[in-house]
Amino acid sequence: MEPRRARVVPTVSRALLPIAVTAAVLLVLPTLWFEDSPYTTGLAVEAVVFGCYAVGFNLIFGSTNQLFLCVGALAGVGGYATAILSDRWSLPLAAGVALGTVIAGIVGGVLAWVAVRRSLDVIFTGVVTLVFSLAFTQLLIGQSDLTGGDTGQVLEGAATNLADDAVGGYYLFVGLLVALLVVFRVLQLSHIGWAFRALRDDETAAQLAGVDVARYRVYAAVVGSAMIGLTGGLYAYSLGFISPVTYEFSQVDVQVLVIVAFGGLGTLLGPVVGAAAFGFLDRALTDSGQLREAYYGAFVIVIFVFLRQGVIPLLMSLARRLGRVRRKEVEWEPSP
């Protein structure tokens, strides 16, 4: 029994090593780059926030092929639920964030359950969730007495030291991103991760192997939506202001889709790589003016033409090829 335990510990350590390295890099980044620049800090916070969104979306779509085109709406559910519960109903902020996270998870689970019950494929699941996203935006605008409508509302309980342009806010979301990556990795290593991979690779074969498709799709949607809702709630209080534009489809979902596609769908660090790339792109295009959107469009075209599988799968494929070449060189090397 002891040797088996000894084998398991290094396996877990190796599995968590990429997350530990990522955390170390992100934690020292302010001192090396942007600690004294509120503008650059704000860009970094936004990049990390979108990385958190992308981890939740990657769990839903990358693991179980459920195209949820409502990332912004789920973040808005968490954000507005937190704001209403904490600012208007005077609940403690921690309780408001927790309840907002739970509500977002429930909404995501219901959407997945509807898709499973109606046997919706990837495209129709995307259509249904997109309709929900648009309806949610209209609901926010229509219920202006409660939500502030399209003009938004200021959140009184926001902490200035955790603002989106403060280093404290950056460290807050780095901690959240690392926690979400750990959850993602733990799920990958568990029997749930095995079921997720079976669903992603071949749903029919997974059913024949005894995988409960409906249950595991709902599991992925609940956990991924809770991740997105938690991020949306914390981001609302980091901004100190909330409005429908904060969670608009064009502002959130499009960028999250491109981030995950660039980094690598279903990979652990794909969301981090994608968010980092777009964070640097934001910084580089600061002074580009009206050409900004054109440059973005060109970058997206390059991604989908030349990086169809994403950066992480491409690097892994190159590493495997180099490994095979090295082994062949060793095999053909003459003996002394």
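**View 1. Salt bridges in the predicted model.** In this predicted model, the count of salt bridges comes to 3. The side chains of Asp-201 and Arg-200 form one of them, with an N to O distance of 3.6 Å. Asp-201 is exposed, at 60% relative accessibility, whereas Arg-200 is partly exposed, at 31%. Arg-215 and Asp-212 also meet through their side chains, at 3.7 Å from N to O. Both partners are partly exposed: Arg-215 has a relative accessible area of 42% and Asp-212 one of 32%.

**View 2. The salt bridge between Glu-203 and Arg-217**. The N to O distance between these two side chains is 2.6 Å. Glu-203 belongs to helix H9 and Arg-217 to helix H10, so the pair ties together parts that lie 14 residues apart in sequence. Glu-203 is partly exposed, with a relative accessible area of 31%. Arg-217 has a relative accessibility of 12% and counts as buried, because the limit for that class is under 20%.

**View 3. Packing of helix H3 against helix H5**. Helix H3 spans residues 71-88 and helix H5 residues 122-142; their axes are 9 Å apart and make an angle of about 35°. On the H3 side, Ala-73, Gly-76, Val-77 and Tyr-80 make the contact, and on the H5 side Phe-132, Ser-133, Phe-136 and Leu-140 do so. By class, the residues of this contact comprise 6 nonpolar and 2 polar, with no charged residue.

**View 4. Surroundings of Val-174 in helix H7**. Helix H7 covers residues 167-189 and contains Val-174. This residue is buried, with a relative accessible area of 1%. Apart from neighbours within four places in sequence, Val-174 is in contact with Leu-26, Leu-27 and Val-48. The C-alpha atom of Val-174 is separated by 25 Å from that of Ser-190, 16 residues away along the chain.

**View 5. Buried residues of helix H8**. In helix H8, residues 191-201, the buried positions are Ile-192, Gly-193, Ala-195, Phe-196, Ala-198 and Leu-199. The elements that cover these buried residues include H7, helix H2 (38-64), helix H9 (203-208) and helix H10 (213-239).

**View 6. A nonpolar surface patch**. Leu-27, Val-28, Leu-32, Trp-33, Tyr-171 and Phe-280 make up a patch of about 620 Å². Helix H1, residues 2-34, gives the most to the patch, with 4 residues. Trp-33 has its place in helix H1 and is partly exposed, with a relative accessible area of 39%.

How values were computed
Residues are numbered from 1 along each chain as its sequence is written. This is a predicted model: local features need pLDDT of at least 70, side-chain atom pairs count only at pLDDT 80 or more; totals for chains, interfaces and linings use all residues. Side-chain values use heavy atoms; hydrogens and water are left out. Axes are lines fitted to C-alpha atoms, for helices over the stretch in contact, and angles run from 0 to 180 degrees between N-to-C directions. Helices (H or I, at least four residues) and strands (E, at least two) are DSSP runs, numbered from the N terminus. Contact means heavy atoms within 4.5 Å. Ala, Val, Leu, Ile, Met, Phe, Trp, Tyr, Cys and Pro count as nonpolar, Asp, Glu, Lys and Arg as charged, and the others, Gly among them, as polar. Buried means under 20% relative accessible area, exposed over 50%, partly exposed in between (1.4 Å probe, protein chains only). Patches are made of residues with over 30% relative accessible area and no salt bridge: like charges are joined within 9 Å, nonpolar side chains (Val, Leu, Ile, Met, Phe, Trp, Tyr) within 5 Å. Accessible areas come from the Shrake-Rupley method with a 1.4 Å probe; for residues, only the protein chains shown count as cover. A salt bridge is a side-chain nitrogen of Lys or Arg within 4 Å of a carboxyl oxygen of Asp or Glu.
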